[in-house]
Amino acid sequence: MPSVFIKTYGCQMNERDSEAVAAQLVSKGYSLAETEAVADVILLNTCSVRDMAEQKAINKMENLAGQFRKSRPNVILGFMGCMAQSRGQQLIDKLPDVDLVLGTQKFHRAADYLDELIAGKRDKIVDVAEEKGSEATIKEHILSGSAKDKSVSAFVSIMQGCNQYCTFCIVPYTRGEERSRSIADVVAECRDLVARGVKEITLLGQIVTSYGKREIKIQDGKSAFVQLLEAVHEIEGLERIRFTSPHPKGYGDDLVEAYGRLPKLVESAHLPLQSGSDRLLKLMHRGYTRERFSKIIHDLRRVQPSIGITTDIIVGFPGETEADFEETLSLVREIEFDNAFIFKYSQRKDTPAAAMPGQIPLEMIEERHSRLLTCINAIAAKKYENFVGRHTQILVEGASKKNPARMTGRTRCNKIVVFDGGERHRAQIMDLKIERASNFTLYGDPAILNVN
Ligand code: SAH
Ligand code: F3S
């Protein structure tokens with residue numbers, strides 16, 4: 001049977017989609033190639049959030065075609081995911097070596113389409129149509145069962161799409177309308193993962209706080225998303241629940257209160273801010289003000305004082321003045337995020353912001369990016385330093401990538417901890433003492449290990 005290599009760009013949703021496609025292909029008899037150089041099928045799972053991500057995938061495909069088309073003419077080349085969805089047939093027009101373009105509602109069709117291409121029944125396939133029920137098709141996992149690299153943590157897709165239509169964002173166009181899986185379906189997948197040894201589950205979606213809004217009724221003041229958290233929380237053997245990405249407007253009292261009530265829901269939240277200026281938040285169509293955002297953070301810290309909070313911020317949104325940017329800086333200083341991903345605004349096809357007046361020159365975007373980064377890094381360094389000398393609990397995930405002689409895990413508040421341990425610690429919940437901090441990593445002392 002053929003072998004496949006999948007390269008993934010972008011967010012955790014994309015990672016998860018790639019895993020599901022790989023698992024589906026493996027169940028049909030494909031093997032996973034170690035490198036693209038030996039693969040019979042090469043798929044690029046693409047991201048459209050910024051232009052740079054699209055360019056990277058296009059350049060990569062050009063290189064692959066140049067490298068392999070002559071020497072290995074039968075190699076199948078495909079694009080899937082967000083850029084496949086937004087560009088469709090154009091990708092083949094531009095890059096005639098591409099055989100397959102698979103949209104975001106079609107991941108589960110990968111095996112059938114590859115069979116047809118390999119058998120020579122069809123020459124090219126482009127499928128970017130909508131498909132009812134596709135939100136429930138990302139469910140297969142590749143979990144290593146061997147003791148050596150047993151999976152401790154897994155991602156579960158709970159919904160697809162986004163209806164928020166932030167004016168800068170292409171996601172509602174590439175991922176479509178919000179569609180949610182049922183609670184029973186998600187719980188069944190989580191149960192199966194836990195039975196296979198998974199200890200931590202991250203619930204995934206573009207806007208998870210809108211989960212089930214149309215499909216599932218509010219019950220006892222609890223949103224569908226909180227009902228889902230409760231149902232997953234019931235699973236015996238599951239130790240930790242995370243989710244990403246929520247939208248600030250979804251942090252009602254029911255969700256804030258869940259952090260105090262559900263012990264498996266870890267003290268960690270990724271709350272995309274985008275801007276600290278009310279004027280820009282409105283232009284961005286974010287649906288909250290600076291004051292409302294601060295109140296959510298305040299409430300979360302009241303319920304869970306040790307909660308780790310990260311965010312996304314865009315610099316250089318059209319019309320962003322120095323005063324708007326200063327408002328972002330001041331809010332960042334006030335809130336003290338544990339970390340923040342800063343994005344340079346990128347004009348996206350067909351989004352309202354792309355046509356707004358006052359597009360910001362790149363040099364100014366770069367300058368603001370670097371000022372904000374300095375500010376974020378200084379705060380984060382202080383936050384990480386605060387852990388030194390303290391005991392903290394981690395879930396051990398496996399060998400450290402940078403130094404396989406060491407082990408790595410994460411705190412409940414989502415900080416990476418590296419320590420001198422061994423394979424026997426994998427999948428353990430452990431208490432250890434933090435000895436030092438650097439570069440968004442904490443280092444624990446193995447001498448005081450206290451295995452639960
Ligand atoms: N809810 C999704 C949002 C996907 S986009 C999630 O968090 O996964 C992720 C981040 O990319 C957004 O929070 C935003 O900060 C950034 N982003 C989106 N569109 C952008 C654009 N046009 N230019 C720059 N950054 C953008
Ligand atoms: Fe994009 Fe806003 Fe949805 S950032 S994914 S449109 S919440």
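Let me open with a term: a patch is made of residues with over 30% relative accessible area and no salt bridge, where like charges are joined within 9 Å and nonpolar side chains (Val, Leu, Ile, Met, Phe, Trp, Tyr) within 5 Å. A salt bridge is a side-chain nitrogen of Lys or Arg within 4 Å of a carboxyl oxygen of Asp or Glu. Accessible areas come from the Shrake-Rupley method with a 1.4 Å probe, and for residues only the protein chains shown count as cover.

Now the ground rules. This is a predicted model, in which local features need pLDDT of at least 70 and side-chain atom pairs count only at pLDDT 80 or more, while totals for chains, interfaces and linings use all residues. Residues are numbered from 1 along each chain as written, chains are lettered from A and ligands numbered from 1 in the order written, and side-chain values use heavy atoms, without hydrogens or water.

First, the patch. Val-26, Leu-32 and Ile-142 make a nonpolar surface patch of about 220 Å². Val-26 sits in helix α1. Helices (H or I, at least four residues) and strands (E, at least two) are DSSP runs, numbered from the N terminus. Is Val-26 buried, partly exposed or exposed? Partly exposed, at 37% relative accessible area. The scale: buried is under 20%, exposed is over 50%, partly exposed is in between (1.4 Å probe, protein chains only).

Next, salt bridges. The whole structure holds 42 of them. Take Asp-17 and Arg-175: their side chains meet at 3.0 Å, N to O. Asp-17 is in helix α1 (residues 12-27) and Arg-175 in helix α6 (residues 171-175), 158 residues apart, so to speak of distant parts of the chain is fair. Both residues are buried.

Second pair: Arg-69 and Asp-97, with the closest N and O atoms 3.1 Å apart. Arg-69 lies in the loop between α2 (51-68) and β4 (76-81), and Asp-97 in the loop between α4 (89-94) and β5 (100-102), so this bridge ties together parts 28 residues apart in sequence. Arg-69 is buried, at 18%. Asp-97 is partly exposed, at 30%.

Third pair: Arg-196 and Asp-192, again a salt bridge, 3.1 Å from N to O. Both ends are partly exposed, Arg-196 at 35% and Asp-192 at 39%. There is also a network: salt bridges with shared partners join Arg-16, Glu-19, Lys-139, Arg-181, Asp-185 and Glu-189.

On to ligand 1. Which residues come nearest? Of the 14 around ligand 1, they are Gln-206, Ser-245, Gln-274, Asp-312 and Ser-346. A residue counts as near if one of its heavy atoms lies within 4 Å. By class, the shell has 6 nonpolar, 4 polar and 4 charged residues. Ala, Val, Leu, Ile, Met, Phe, Trp, Tyr, Cys and Pro count as nonpolar, Asp, Glu, Lys and Arg as charged, and the others, Gly among them, as polar. Strands β13 (308-315) and β14 (339-344) each supply at least two shell residues.

Now the atoms. A ligand 1 oxygen is 2.7 Å from a side-chain N or O atom of Gln-274. A ligand 1 nitrogen is 2.8 Å from a polar backbone atom of Ser-346. For Phe-168, a polar backbone atom is 2.9 Å from a nitrogen of ligand 1. The protein covers 90% of the 540 Å² of accessible area that ligand 1 has on its own.

Last, ligand 2. The residues around ligand 2 include Cys-162, Cys-166, Cys-169, His-247 and Arg-286. That shell divides into 8 nonpolar, 2 polar and 1 charged.

Conventions
A polar contact is a pair of N or O atoms within 3.5 Å; within protein, one must be able to donate a hydrogen and the other to accept it, and residues adjacent in sequence count only if both atoms are side-chain atoms.
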